[in-house]
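User: I have a model open and would like to learn how to read its features one at a time. Where do I begin?

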Amino acid sequence: MAAEGVRVEQRHGKARVRVGRVWRQGGDGSHHFVEWNVSISLLSHCLSSYHRDDNSDIVATDTMKNTVYVKAKECGDRLSVEEFAILLGNHFSSFYPQVYTAIVNIIEKPWERVCIDGKPHLHGFKLGSENHTVEATVQKSGALTLTSGVAGLALLKTTQSGFEKFVRDKYTILPDTRERMLATEVNASWRYSYESVASIPKKELYFSEKFMEVKKVLMDTFFGPPETGVYSPSVQRTLYLMGSAVLRRFPDVASIHLKMPNIHFLPVNLSTKENPSMVKFKDDVYLPTDEPHGSIEATLSRITSKM
Ligand SMILES: O=c1[nH]c(=O)c2[nH]c(=O)[nH]c2[nH]1
């Protein structure tokens with residue numbers, strides 16, 4: 001809507017609402033625990049709050065924050081972070097007449113059950129490394145887009161990687177190699193093909209299981225078999241193989257975005273005039289770096305023939 005010649009496109013929400021939830025329902029006395037960081041953004045008809053001093057259509061962001069805790073309390077059974085995001089999105093877009101779209105982002109911390117003396121602990125957890133992310137967008141109609149992801153999956157292999165026959169010009173120094181370290185921190189997000197809240201699988205913890213499986217396919221493809229590995233001719237090629245393996249394996253994944261920085265481990269060579277080979281690099285001593293790093297990303301989806 002335009003007033004006084006000014007168009008307003010707006011949204012509002014609450015960011016970074018932190019909640020921990022324990023379920024003490026295991027028959028064996030085991031507890032389950034999740035920690036979520038929830039961000040909510042609502043698209044709603046509340047232009048009068050921008051155009052005039054009229055807040056009568058605003059859903060207070062404080063109320064959104066409270067809702068996260070109320071809904072966490074109401075979830076008496078364990079559920080996946082995806083289900084919780086959809087549940088919240090569904091609530092906001094259906095409960096308030098003026099809200100037409102709810103976008104819910106959640107980051108789940110990787111709390112993992114510890115093993116003590118080889119036995120899973122009933123109520124002890126330790127923090128792992130990579131986060132599980134989700135974005136659920138729910139329309140008032142029940143239309144859904146659901147994207148899950150893994151963030152900060154740091155992977156490294158000490159061999160079976162090279163980079164050669166690239167563009168060589170007057171600014172190029174990098175030599176061709178078939179022997180280098182390959183290190184990255186994978187950020188992946190994949191969109192599921194479910195297009196409505198009603199159509200998501202009813203199976204308990206379906207998306208939690210998928211998350212583990214997708215992560216496994218990504219890692220298996222990156223590393224190859226344990227004894228032999230698999231040769232990577234470039235980050236680009238490895239990224240492509242990882243993404244296409246996910247599309248091949250999971251029919252309900254419609255597309256996947258992969259961001260894989262090439263984190264460089266530089267060969268160390270040290271010399272003086274007196275000692276020209278103080279340290280001579282033989283694929284053994286490296287200088288680890290954070291920056292600069294190569295930045296390589298791509299989105300992969302299936303080509304569907306239009307018949
Ligand atoms: O796998 C790689 N891809 C590149 O695009 C690139 N560029 C570069 O300098 N090293 C590498 N390695």
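**Reading the model**

Analyst: Begin with one residue: with 8 C-beta neighbours inside 10 Å, Lys203 counts as exposed. The model is predicted. Lys203 sits in the loop between E10 and H4.

User: What is the cut-off behind a word such as exposed?

Analyst: A residue is exposed if 12 or fewer other C-beta atoms lie within 10 Å of its own, buried if 20 or more do, and partly exposed in between. Lys203 has 8 such neighbours, so it is exposed. Phe163 has 20 other C-beta atoms within 10 Å and is therefore buried. Gln236, with 16, is partly exposed, and Thr61, also with 16, is partly exposed.

User: How far apart in space are Lys203 and Met219?

Analyst: Sequence separation and spatial distance are read separately. Lys203 and Met219 are 25 Å apart in space from C-alpha to C-alpha, with their positions 16 residues apart in sequence numbering.

User: What does the overall fold contain, and how spread out is the protein?

Analyst: Take the elements, then the dimensions. The protein has 5 helices and 14 strands. Its radius of gyration is 24 Å, whereas the globule rule gives 19 Å for 307 residues, so the protein is more spread out than a compact globule. The C-alpha trace spans about 80 × 65 × 50 Å along the principal axes. Of the 307 residues, 23% count as buried.

User: How much of the contact count comes from residues 24 or more positions apart?

Analyst: Such pairs make up 64% of the contacts in the protein with a separation of 6 or more.

User: How should I read a single helix, say H3?

Analyst: Check the length, then the burial, then the cover. Helix H3 runs over residues 81-95, 15 residues in total, and reaches 21 Å from its first C-alpha to its last, close to the 21 Å expected at 1.5 Å a residue. Its buried residues are Val81, Glu82, Glu83, Phe84, Ala85, Ile86, Leu88, Gly89, Phe92 and Ser93. The elements that cover them include helices H2 (61-74) and H4 (206-223), along with strands E4 (32-44), E5 (99-108), E8 (131-139) and E9 (144-157).

User: Which residues surround the ligand?

Analyst: List the shell, then sort it by character. Around the ligand are Phe163, Leu174, Ser234, Val235, Gln236, Asn262 and Gly294. That shell divides into 3 nonpolar residues, 4 polar and no charged.

User: What does UniProt list as "binding site"?

Analyst: A record is read apart from the coordinates. The unreviewed UniProt entry gives Thr61, Asp62, Phe163, Arg180, Val235, Gln236 and Asn262 under that label. These positions are spread over 202 residues of sequence and are also spread in space, up to 52.2 Å between C-alpha atoms.

User: Where do Phe163, Gln236 and Thr61 lie?

Analyst: Place each residue in its element, then look at what it touches. Phe163 is in the loop between E9 and strand E10 (182-192). Not counting residues up to four places away in sequence, Phe163 touches Thr177, Arg180 and Ser234. Gln236 belongs to helix H5 (residues 235-249). Thr61 lies in helix H2. Leaving aside neighbours within four places in sequence, Thr61 is in contact with His12, Gly13 and Lys14.

Terms used:
Residues are numbered from 1 along each chain as its sequence is written. This is a predicted model: local features need pLDDT of at least 70, side-chain atom pairs count only at pLDDT 80 or more; totals for chains, interfaces and linings use all residues. Helices (H or I, at least four residues) and strands (E, at least two) are DSSP runs, numbered from the N terminus. The expected span of a helix is 1.5 Å times one less than its number of residues. Two residues are in contact if their C-beta atoms, placed from the backbone, lie within 7 Å. The radius of gyration is taken over C-alpha atoms; the globule rule is 2.2 Å times the number of residues to the power 0.38. A residue is near a molecule or strand if its C-beta atom, placed from the backbone, lies within 6 Å of it. Ala, Val, Leu, Ile, Met, Phe, Trp, Tyr, Cys and Pro count as nonpolar, Asp, Glu, Lys and Arg as charged, and the others, Gly among them, as polar. UniProt positions are given in the numbering used here, feature names are shortened, and annotations may be inferred rather than shown by experiment.
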